[in-house]
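Reader: I'm new to looking at protein structures. Could you walk me through one, feature by feature?

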Amino acid sequence: KQWYQRRVRVSMEDIAMLEDRVAQMERIFGSNAKQECATKQIEEINLKVDKMLGKHPKTQALLKRLGELNTVTDPSFIMRYDPSKFIQQEYVAASTNRIQKAAVQAAKVEELKGVVNPGNLKSVTDLDKRMGPLTLKCLQLHDNGEEVNKDINELVERWNGILSTLSEQFVTWDNLLRKAEESLKDSD
């Protein structure tokens, strides 16, 4: 009830919006209605809405935080608190350990720069020319090794197949011998 005591800045857009709203209200309540009558009806409607909203605790909680919600959804609020800055800050905070490790490693590289002997590095271009054929040979050996592994796996599979077949054959022969021995015992 003390909303009228606050000082509020009103822009021309706000006034235009209010005038449009009054025009809508006049259409609803009629243009011949007296101002006092329209004010009384609006007050009654406001009381009914307040009573209706007062029955629901969730709605009451929402109404209490409505000002905060209006503030947060206001575009000027969003412009003041640029989300990209928050994202950048969170990224930097999350990357702190990685950045610290990188700084330690960079310091270690700086320390080890003096250890490297430039005289040994002069022949790198000559060694690079010799490494090409060696790398090619290494790749060929790797391919040959894969082929040999494939052949060995195939040989092992065949060997297991032979052993399985022999085992089955021995079991079959054992069963035949048992049956023959039993039939001999039965005939005696």
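**Reading charges and surfaces**

Author: Happy to, and let's start with one side chain: R158 has a relative accessibility of 56%, so it counts as exposed, the cut-off being over 50%. Keep in mind that this is a predicted model.

Reader: Okay! Which side chain does R158 meet in a salt bridge?

Author: Here's the general idea: side chains of opposite charge can pair when their charged atoms come close. In this case R158 meets the side chain of E154, with 3.0 Å from N to O. E154 has a relative accessible area of 39%, so this residue is partly exposed.

Reader: And how many residues apart are E154 and R158 in helix α9?

Author: They are four residues apart, which means about one helical turn separates them.

Reader: How many salt bridges does the structure hold?

Author: Two. Besides the E154 pair, there's a salt bridge between R178 and D174, where the closest N and O atoms are 3.2 Å apart. Helix α9 holds both R178 and D174, and again the spacing is four residues, about one turn of the helix.

Reader: Are R178 and D174 buried or exposed, or something in between?

Author: In between: R178 counts as partly exposed because its relative accessibility is 47%, and D174 counts as partly exposed at 33%. Partly exposed covers the range between the buried cut-off, under 20%, and the exposed one, over 50%.

Reader: Let's zoom out. What is the secondary structure of the chain?

Author: To read that, you count helices and strands along the chain. Here you get nine helices and zero strands, so to speak an α-α-α-α-α-α-α-α-α run from the N terminus on. Helix α9 spans residues 124-187.

Reader: What share of the chain's residues count as buried?

Author: Just 1% of the 188 residues. The chain exposes about 18,400 Å², and 59% of that comes from carbon and sulfur atoms.

Reader: Which residues make the nonpolar surface patch?

Author: For a patch, you look for nonpolar side chains that neighbour each other and are over 30% accessible. Here W159, I162, L163, L166, F170, W173 and L176 make one of about 750 Å². Take L163 as an example: this residue is found in helix α9, and at 37% relative accessibility L163 counts as partly exposed.

Reader: So L163 passes that patch cut-off because 37% is over 30%. Thanks, I can follow the rest on the model now!

How values were computed. Residues numbered from 1 in each chain as written. Predicted model: local features only at pLDDT ≥ 70, side-chain atom pairs only at ≥ 80, totals over all residues. Heavy atoms only, no water. Patch = residues over 30% accessible without salt bridge, like charges linked within 9 Å, V, L, I, M, F, W, Y side chains within 5 Å. Areas by Shrake-Rupley, 256 points an atom, 1.4 Å probe, with all protein chains shown as cover. Salt bridge = Lys/Arg side-chain N within 4 Å of Asp/Glu carboxyl O. Helix = DSSP H or I, 4+ residues; strand = E, 2+ residues; numbered from the N terminus. Buried < 20%, exposed > 50% of the residue type's maximum accessible area, 1.4 Å probe, protein only.
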